[in-house]
Each structure stands twice: as structure tokens, then as C-alpha cells.
Amino acid sequence: MRLITATGLTLQQAGKTVMRDVDMHIDRGEIVTLVGPNGSGKSSLIKGLVGAIKPLSGKVETMRGLRIGYVPQSLHMDGLLPLTVSRFLCLPDRHSRDAMARALSEAGVPDLAKAQMRTLSGGQFQRVMLARALLMSPDLLILDEATQGLDQPGAADFYRKIEHVRTHLNCAVLMVSHDLHVVMAASDRVLCLNGHVCCEGSPEVVQDAPEYQALFGTGANGAFAIYRHRHDHHHHHDHDHDHDHEDQHKHDIA
Amino acid sequence: MTLLDDFLVRAGLAGIGTALAAAPLGCFVVWRRMAYFGDATAHAALLGVALSLAFQGPIMLGVLATALIMAILVQNLSGRGLAEDTLLGVLAHSALAIGLVAVSFLSGARLDLMGYLFGDILAVNVFDLALIWGGAAAVIALLAWRWQRLLTATLNPDLAQASGISFRAEQMVLTIALALTVAVAIKAVGALLIGALLIIPPAAARPLARTPEAMALITAAIGSGAAIAGLGASFQFDTPTGPTIVCVAAGLFCASTMLARLRA
């Protein structure tokens, strides 16, 4: 089922065109990743999709009643607003204590309900954001650099949670990340951005595309192969691991 | 109505009504760093007074209209070149100056300028009281209705937008609430000190609160307490009432800040 479709989408921010002529769509159940260098318009595109930036031209169509769970790139909490985690989870829709406890433990932070938001560490904060997104039982989960401030094992663990959530809720996931190989390996489809869509397709197609290699070089390939996702059964390298072993391998590292 | 015949009772009720209107809005002013925005809007109230007197209309209506126009003006001019605090500074002081000049065109007998600059809470009549409490009820009802949306938009505009909440629409709710509050508060504390009533009680409440709702309630208690105590003190020491109320609020702010330091 098609959740969201952008057609000829062109976005402007502060009088500058940050993204032009984007055609893209997201279907239920798929994980789509946006990659691109800094300033390539990844966050702008997400803001355009959720309606936070009005399109200069083109349009965004969403499924009727589409519920979006959004984890923004950064959420500055300066402590002026007193807010416990459980109060935060109830914005904008209130939830029962049980539902909140379930979401928090699903996100891996079961003991934080009464903590103040501004006292959380970076990792705890992102997990609370994830819990909030989960509580909306989203059709589409959007993660904008959600692993910023997490170390590599923390980020890998976070993405494992996301995959679990995707299976569990049967939602689509749209991610932006700098952790190229980890994220791309976990994706069904990758869009490579640089002010427009340079190239798109499965992770394999994108990593071999000249546009992608022009932006990121070929250096990422080795690491990418290690983190290959288990639902991809085409092996370009000549390891003789069987699939089970490869699964194990992935869980150890990713 | 015998109780309301006592001017001190009327003054006390006016003070409490004003504090209750200012409490939830003041919290948003603090959370969203809108202090200058509040000042600019409040200062425009004086121009509203002058216009009302010139056209012999009801004062509160003139104040409401100019405050609303000023607030919308500020909102639309912000983010266009000049730094926001500079722009708001220009507008706040210009509004006050234009108001003072406009007032000077009116013949002195009709106007007690000090009363509009610093409030004249002891002269509140039953009709004023009805307007103050009606206005306060409107502000509180408006904010209570939009509470969840306003809080979400305050956290992060994009987060709000993803949940289908328009940041601009919620901004407009606050703008309307601000104009209403200014119109309500001008009688009690005057154009110059409305900003103080918006900022100081929530600032005093902040260290004592763990949730937004608790902060709004504590703010209301601190504001009402300051109004009553300030009224009593001004009666005792024969000082101007509006400024005395603000002094008491400032004292409560110092006390709560020190309390927070001691606990930390």
C-alpha cells in the first residue's frame, strides 16, 4: 500500500532551493534510506514530506489518515519547560500508563518514565523519542539522523530495534543517516541526494552507481559488505558463509 | 453586591483575575522566549488607550485591537533580516513613544497618564471587574482548549507538523491570548508592568515544577499571592499598587531561586 508520494517536489528554505524535482514514494513495510553529504537537503526533504516546509512546486500526497511517527534530527531541550518523560510521551496524544511502559521498554529504556527530559543522556533521549514515535502506532516511522550522539554499538543496537519495530508494527521506515554502511545495509531502498535525487535503488545498485561513488568514494564498499543485510541473498563477495552464519555475523557486529 | 462595594475587595479580585489570566500565558512566554514579544504588545496598549479616548470608545476594546495588531505585526516581521531581539526592541520602544505622543494630543483633564502606565487597581469598578474576569476566563479557556497542541508546538515545530499541528496556527492562538491578557491587565498593573506580570511569576515557579501543568498552577498561585500581598503592602506603606505587586513577585522569584539552589 502506498503511504506517501512526492511528485516533482521542489523545496526552498530561507530563499534558497534546497531540493528540486523529487519524485519518490514509500510503501507500507519497506525501509527507505536517504543518504547524501552535509547540506544535500536530506532533512529538508523530510520536512517537506511531513509538511513542515511548504513545497515551492510539486506536491506531497499521503494516504488518508496516515500516522507519522517522527524522530527529528535534534530536539533542543533547554530546561525552561519542565517535562517528565511520561508527560513528553503524552504530547500531543495522551496514552495510558501501561501503553507508555510498553513503549519505553520496547525502546530499551523501561525505567525512565519519571525522569526529567533535560537530564537524559543522548542515547536515552533518542530511545525516548523512539518510544514516543511508537506510541502513535505509526504507519510511517521517520528517523532523521536518529543515532547522532550514539557510539557505533549503540547505533547498531538502535537500528536493530528499528527493524524489530518495522516487523512488529508493519510500518514503513524512512531514515536519514551518516552511518552509511550500517543504515544502507538495513534498507530495502536507498535514495542518494545532493540537492536532487542523484540515484536510487537497492543498496547494491546505489553503492555501485557512479553518482554515489562520486559523492562518497568507493571506500565505503568494504565495510558495506560486512554489514550486508540478511534479507539480501545476493553475495557479491566470495565468502563461503552459509546464511545462518551470516545472520550470526551480522548480529555480532551490526 | 455589598462585598464588592469595598474598593479593596474589588482591587484584590482584579489582581487575582489578572494573575490567573497571565499565569498560563506567562509560562508560554518563558518557554518560548517571548519576553520581548510580550513587552512590545503591552507597550502598544498605550496607543490603544489614546485612540479609545480620542474616539470615545471603550478603553479595553482599543487596547485589545492595538495589542492584537502589534502582535500580528511583530509575528510577521520576525525572521526577515533584522535579529529578532533588535526588531522587537525597536517595536516595543516605538510603540510606547508613539503612545505617549498620541496621549499628549488629548487634553489633560481626561487622562490620568500614570494610571495607564502603572495601573490603577484601586479605582477598579464592578464593570471593570466583570471585564477582567471575563477576559481571564476567555484566555484560560482558549489556552486549555489548545493546551496539548501548544505544548507540542513549543517543543519543536517539525515534531508538531508531523502530528498535523500547524506551528503558525498555534502561534496565532498565543498572539490572541497575549492581546487579551494585555487588555485585561492594563487596569491592574498598567502598560509598563504587564511584561513583568507575564515573566516574573512563571520564572519563580520554574524551579518548583516537574510538569508544564504544575508550573502553570504554581505560577497562578505565585501571581495571585503577589497581587494580594502587594495590595496589602501598598495600602500599608502608601506606595503605588501596581509596582508594589511586581516588587512582591520579584521577591518571590528570589526566594524560589534560592530555594532551588539550596536543594541542588
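Hi everyone, let's start with the sheet in chain A: 3 strands form an open, antiparallel sheet, and their order is S2-S1-S4. Before I go on, please keep in mind that this is a predicted model.

So what sits at the edges? Those places go to strand S2, residues 16-27, and strand S4, residues 57-62, of chain A, and each of these pairs on one side only. If you look at how neighbouring strands of this sheet sit against each other, they are turned by 15° on average, direction ignored.

Now, how is S1 joined to S4 in chain A? Strand S1 of chain A covers residues 2-13, and 5 bridges join it to S4(A), with the two running antiparallel. If you'd like one pair to find on your screen, take A:Thr5, whose bridge partner in S4(A) is A:Glu61.

Then there is a helix to add to the picture. Helix H1 of chain A, residues 42-50, lies across S1, S2 and S4 of that chain, and runs at about 120° to S1(A).

Let's move over to chain B. Here we have 11 helices and 0 strands, so going from the N terminus every element you meet is α. The radius of gyration of chain B is 18 Å, close to the 18 Å that the globule rule gives for 264 residues, so chain B is as compact as a globular protein of that length. Along the principal axes, its C-alpha atoms fill a box of roughly 55 × 45 × 35 Å.

And how much of chain B is buried? Of its 264 residues, 50% count as buried. As for contacts in chain B between residues at least 6 apart in sequence, 74% of them join residues at least 24 apart. Thanks for listening!

Key
Residues numbered from 1 in each chain as written. Chains lettered and ligands numbered in written order. Predicted model: local features only at pLDDT ≥ 70, side-chain atom pairs only at ≥ 80, totals over all residues. Helix = DSSP H or I, 4+ residues; strand = E, 2+ residues; numbered from the N terminus. Rg over C-alpha atoms; globule rule 2.2 N^0.38 Å. Buried ≥ 20, exposed ≤ 12 C-beta atoms within 10 Å, placed from the backbone. Contact = placed C-beta atoms within 7 Å. Pairing = 2+ DSSP bridges. Axes fitted to C-alpha atoms, helices over the stretch in contact; angles between N-to-C directions.
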